[in-house]
Amino acid sequence: MFAYKPKPPKPLLSVRHKVICDPLLPSTPTFRSLNQTKQSHARIIVSGLARDAKLMAHLLLSLALSPSPPLHYSLSIYNHFNYPSVFATNNMIRCFAKSHSPRQSVVLYSSMLRRYAKPNNHTFTFLFQACSEALAVEEGAQIHAHVLKFGFGADLFIRNALLNFYSACFRLECSRKVFEESLGSRDLVTWNTMLACVVRDGQMGVAEKLFDEMPRRDVISCSTMITGYVQNGNLEEALEFFRDVREKGLRVNEAMLVSVLSASAQLGLLEHGRFVHSLAESLNFPMTTSLGTSLIDMYAKCGCIEQSKILFNNMRQKDIWTWNVMICGLATHGLAKEALALFERFLNKGFAPATVTFIGVLSACSRAGLVREGRHYFKLMKENYGIQPEMEHYGCMVDLLGRTGFVDEAVELIEKMQVSPDPVLWATLLGACKIHGFSELGEEIGSKLIQLDPTHSGHYVQLSTVYAKAKKWEEVIRVRRLMSERNTNKAAGWSLIEAQGKVHKFVAGDRDHESFKEIHKMLETIGTRIAEAGYSPNISSVLHDIGDEEKEIVIKEHSERLAIALGLLVTPYGDCIRVVKNLRVCEDCHEVSKIISKVFEREIIVRDGSRFHHFKEGTCSCHDFW
């Protein structure tokens, strides 16, 4: 038990000196654990100094420095002040700003003013932090007026906090005005805050100009630009910027690595993702939850689901997003049973599933045709966890029911929805009609889709396919003409392959590649060898009313075949060929890829717009259900 023995002849002075200098309550602000703070509090009480306002204010400071201060404990200390100082009130405002009740900071500030206590510059920085967390635009604007009233308009730290507040509340013009008013009081934080504000608004052109104008840049500046490129879909620019950062020998941070991993994942660039992984290891970055989750996502989206599993199993700390990424990754690769088993483990760990968790679970059922399980989890989501289905959940169920032949049940599910179905849902059902030959229903849905969204080219293509399958070529021509009149051209299909340190992109019938002659010779070789293996072209996906021979020529130059041909030319024998495709792979290319994997003894992994296909020894991981 702790025993205190005062030292004569000056017990109070020596005790006070000891408490302040004690490592449990350092005079220099620093983050300390809650247990350490409570030990200091106990020592103060035992020492008879609980009424010492300065000591108790410093105790409150140690709580305010915590990432998530215990609010009730902080309040219990603050409420014992008869006349709280500005220092104590600032720390309590700071505690509120980090809590689930950030608006209480403004309430406390009002109380402070009613006591005729004058705020200082620190008061406003913490208040703007609170208003940023609460997105309290009106309150923040009033506090901005108080900043000017009390004469702190030129304070650099307050202006930076003000910039950040307007940025967090998506008030770009207000941020810009504050930034332009502070020509004489700008530091690197000012520039970085304004840069982040512009990036958040999606104005990457303005951000590039601002970045070039910066008198000095740091790792935060570069990280902000890379994050902005990724968030706005400029993935190649993000990778190029990161390459420049590395070439110039600048420092990288975790946020930069996470953003670059996201770009690599979306583009399916495995080698680039592996490089970032090795870079993180060489720089001794700790395997945080954020970095680990990003690596799992990258490997899953680049076709290396086994590596994702290894990383997941080795991670010591996982949050709900780590589990969600792994569940969704397994689902995308068609490993439905593993995804559902992992979901059950997730529940047993005591996690509460989120909306995205059930998207992963239901998509796993959809991709494997697990109708009974899909119905069960759809019901579980609503009844056990109170999660109301969103469009993505309905999409998974309609896809599952439609592709397994329960088209009537899928229609009934759509009709019972509490929200209006979006065009994507009807398009999913249209795809089911095409598969199972529900031509009349398909025509009805296709016409409805064109009325709902006349600018979407995919709807015209889907309806054309329904007509083509029924050999209604006049209707195909009519829909194509309508599509042309409305300037809705079909989205161009492309395929990517990463080889020889470069990313190669192909479109159907491509002649622009520097090795196109060798590629087309390889296509001829492929055609000969797969024909010997029994291949017969499936030309049903070619919608034009042209001869079968011409259709065969069209289909054999689809973008993924060109990418596979290049892979066979330039990668070592036995290496896996990885292709990323933006659209769903057609039936004929799917069959051809299976045969190539057998004839050329190569594993081929294709990520299309829907899922992963692992072609090996003449079979596909999707079991022809996609």
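**Reasons behind the labels**

Modeller: Q500 is found in the loop between β1 and β2. The strands, like the helices, are DSSP runs numbered from the N terminus (H or I over at least four residues for a helix, E over at least two for a strand). This is a predicted model, in which local features need pLDDT of at least 70 and side-chain atom pairs pLDDT 80 or more, while totals for chains, interfaces and linings use all residues. Residues are numbered from 1 along each chain as its sequence is written, and side-chain values use heavy atoms, without hydrogens or water.

Colleague: Why is Q500 called exposed?

Modeller: The relative accessible area of Q500 is 63%. With a 1.4 Å probe and protein chains only, buried means under 20%, exposed over 50%, and partly exposed in between. Q500 is therefore exposed. Its phi is near 55°, a positive value in a residue other than glycine.

Colleague: What makes H623 exposed?

Modeller: H623 has a relative accessible area of 70%, so the label is exposed. Its place is in the segment after β6 (619-620), and its phi is positive at about 55° although H623 is not a glycine.

Colleague: Why does P454 count as partly exposed?

Modeller: Because its relative accessibility is 33%, P454 is in the partly exposed class. P454 sits in the loop between α26 (439-452) and α27 (457-469).

Colleague: With which residues is P454 in contact, leaving aside its neighbours within four places in sequence?

Modeller: They are Y460, R486 and T488; a contact here means heavy atoms within 4.5 Å. P454 and L482 are 28 residues apart in sequence, with 9.7 Å between their C-alpha atoms.

Colleague: How do you know that Q203 is partly exposed?

Modeller: Q203 has a relative accessible area of 25%, and so it is partly exposed. Q203 lies in the loop between α11 and α12 (204-213). Beyond residues up to four places away in sequence, Q203 touches L172, R176 and V198. Its C-alpha atom is separated by 9.9 Å from that of Y229, 26 residues away along the chain.

Colleague: What makes L188 buried?

Modeller: The relative accessible area of L188 is 13%, so L188 is buried. L188 is placed in helix α11 (residues 188-200). Apart from residues up to four places away in sequence, L188 touches M214, R216, R217, D218 and S221.

Colleague: Why is L279 called buried?

Modeller: L279 has a relative accessible area of 5%, which means that it is buried. L279 belongs to helix α16, and outside its neighbours within four places in sequence it is in contact with F242, R246 and L257. Its C-alpha atom is 43 Å from that of Y73, 206 residues apart along the chain.

Colleague: What share of the protein chain counts as buried?

Modeller: Of its 626 residues, 49%. The chain has 32 helices and 6 strands. Among contacts between residues at least 6 apart in sequence, 62% join residues at least 24 apart.

Colleague: Why is α7 called roughly parallel to α9?

Modeller: Helix α7 (residues 121-134) and helix α9 (residues 156-168) pack at about 10°, with axes 9 Å apart. Roughly parallel covers angles under 35 degrees, roughly antiparallel those over 145, roughly perpendicular 65 to 115, and oblique the rest. So α7 is roughly parallel to α9.

Colleague: Which residues of α7 and α9 make the contact?

Modeller: N121, F124, T125, F128, C131 and S132 come from α7, and F157, I158, A161, L162, N164, F165 and A168 from α9. By class, 9 of the contact residues are nonpolar, 4 polar and none charged.

Colleague: What makes the second largest pocket a pocket?

Modeller: On a 1 Å grid over the protein atoms alone, a pocket is an open set of points with protein on both sides within 12 Å along at least five of seven lines, and lining residues have an atom within 4 Å of a point. The second largest pocket holds about 650 Å³ of space. Of its 29 lining residues, L269, I497, E498, A499 and K502 are the closest to its centre. Elements that give two or more residues to the lining are α14 (235-247), α16 (270-282), β1 (494-499), β2 (502-507) and β3 (577-581). Strand β1 gives the most, with 5 residues. The lining has 13 nonpolar, 6 polar and 10 charged residues. Here Ala, Val, Leu, Ile, Met, Phe, Trp, Tyr, Cys and Pro are nonpolar, Asp, Glu, Lys and Arg charged, and the others, Gly among them, polar.

Note on methods: On a 1 Å grid over the protein atoms alone, a cavity is a set of points where a 1.4 Å probe fits but cannot get out, and a pocket is an open set with protein on both sides within 12 Å along at least five of seven lines; lining residues have an atom within 4 Å of a point. Grid points are joined across faces, edges and corners, and a volume is the space filled by probe spheres set on the points. Axes are lines fitted to C-alpha atoms, for helices over the stretch in contact, and angles run from 0 to 180 degrees between N-to-C directions.
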